[in-house]
Amino acid sequence: MIQSSVVTQPRVGANPGAPLVRHHARVPGKDTNIGAKRAREARAALGLGTAEPVPCILTTLERDAAVPVALAALPAQIAGCVWSGAGRALVWANGAQPPARVRFTLAHELGHLRCGHDAHLAIDSFETLSGVTSDAREVQANAFAAELLMPAAGVRALVDSGEPTLETVVLLAAHFGVSTIAALYRLNTLGLAARYARLKEEIDGGLHVEVWERLDPPRPDDALERLRAEDLPRLSPAIAGSALAALLDGAASADEVAALIGCEAGLVARAAGLVGA
Ligand SMILES: [Zn+2]
């Protein structure tokens, strides 16, 4: 249980019988429900429990879901993309970003696959992954990623009482290996962030950085934590000997890799084709 460090004092005066905090869970839409359901099914199929953190998302994709991953230094606004067809799939992710972001990207791309989305998906920007989208498939993939990385049962078990403070949000983010803002969004979606606007302001103002430094909370032991810039591009062992690997070995500047996957979704198929069957 994550303890909140701020105790709300009862207010004296008006309407003392009313609850101090009125907060209602937002009613999730159809696509949010679809993504969350697919994530619960995926957790069961991949041997994850109903509440615990995903230890290593790379292992989940590469070994457990048998989805090869290419991590590369991509332009800053690009989070990743996925291609699937003819019984094969390939996930790209921007490996130059902080591990918590890459974890969310990989979970989102796995969501596209597990939700059965077709090959004509756009490249995912960080804006899309932060929820700025009305595309049903993106809403589903974001809901999938949220439930896969921060299962509702696990979040509720940690913060089932009290008002979450910035410390609570940081501890939650660390526990599940996500960014501070992703943890806050999750709390809000589940109706657990009574002080959402205030907490969002604090995170936007960078106040969480000091909290991370002070608490230094343990995070999941994800291989992404040990990934260095010089390790990029990094391909899954399953595709290490492919034509794609050979190409990247010879010409692996960030611009060239970005050109290879393209900002047009159709080019992802070309890159995937280089992996071979
Ligand atoms: Zn997407």
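Reader: What makes Ala 76 count as exposed?

Author: In this predicted model, Ala 76 has 12 C-beta neighbours inside 10 Å, and because a residue is called exposed at 12 or fewer, Ala 76 counts as exposed. Ala 76 has its place in the loop between strand 1 and strand 2, and its C-alpha is 8.2 Å from that of Ala 96, although 20 residues separate the two in sequence.

Reader: Why is Ala 66 called exposed or buried, and where does Ala 66 lie?

Author: Ala 66 has 10 C-beta neighbours inside 10 Å, and since the cut-off for exposed is 12 or fewer, Ala 66 counts as exposed. Ala 66 is placed in the loop between helix 2 (57-64) and strand 1, and its phi is near 55°, a positive value in a residue other than glycine.

Reader: What makes Asp 216 exposed?

Author: Asp 216 has 9 other C-beta atoms within 10 Å, and because 12 or fewer is the condition for exposed, Asp 216 is exposed. Asp 216 lies in the loop between helix 10 and strand 5 and has a positive phi of about 40°, although it is not a glycine. Pro 233 also has its place in the loop between helix 10 (207-215) and strand 5, and the peptide bond that leads from Leu 232 to Pro 233 is cis, with omega near -5°.

Reader: How do you know that strand 1 and strand 3 are paired, and in which sense do they run?

Author: Two strands pair if there are at least two bridges between them, and 4 bridges join strand 1 (residues 69-72) to strand 3 (residues 88-94), so these strands count as paired; they run parallel. Val 69 stands opposite Val 91 in strand 3, while Ala 72 has Asn 94 of strand 3 as its bridge partner.

Reader: What makes strand 1 and strand 5 a pair?

Author: Strand 1 and strand 5 share 2 bridges, and because at least two are needed, the condition for pairing is met; the sense is antiparallel. Leu 71 has Arg 234 of strand 5 as its bridge partner. The open sheet as a whole has 5 strands in the order 4-2-3-1-5, with mixed pairing, and its edge strands are strand 4 (124-125) and strand 5 (234-235), each of which pairs on one side only.

Reader: How do you know whether the faces of strand 1 are covered?

Author: In a regular strand the side chains alternate between the two faces of the sheet. In strand 1, Val 69 and Leu 71 lie on one side and Ala 70 and Ala 72 on the other, and all of them are buried, which leaves both faces covered. Helix 3 (residues 99-114) lies across strand 1, strand 2 (78-85), strand 3 and strand 4, running at about 155° to strand 3.

Reader: Why are helix 8 and helix 9 called roughly antiparallel?

Author: Helix 8 (residues 180-189) and helix 9 (residues 196-204) pack at an angle of about 175°, with their axes 11 Å apart, and because angles over 145 degrees count as roughly antiparallel, the description applies to helix 8 and helix 9. Helix 8 contributes Thr 180, Ile 181, Leu 184 and Asn 188 to the contact, and helix 9 contributes Tyr 196, Leu 199, Lys 200 and Ile 203. By class, the contact has 5 nonpolar, 2 polar and 1 charged residues.

How values were computed:
Residues are numbered from 1 along each chain as its sequence is written. This is a predicted model: local features need pLDDT of at least 70, side-chain atom pairs count only at pLDDT 80 or more; totals for chains, interfaces and linings use all residues. Axes are lines fitted to C-alpha atoms, for helices over the stretch in contact, and angles run from 0 to 180 degrees between N-to-C directions. Angles under 35 degrees count as roughly parallel, over 145 as roughly antiparallel, 65 to 115 as roughly perpendicular and the rest as oblique. Two residues are in contact if their C-beta atoms, placed from the backbone, lie within 7 Å. Ala, Val, Leu, Ile, Met, Phe, Trp, Tyr, Cys and Pro count as nonpolar, Asp, Glu, Lys and Arg as charged, and the others, Gly among them, as polar. A residue is buried if 20 or more other C-beta atoms lie within 10 Å of its own, exposed if 12 or fewer, and partly exposed in between; C-beta atoms are placed from the backbone.
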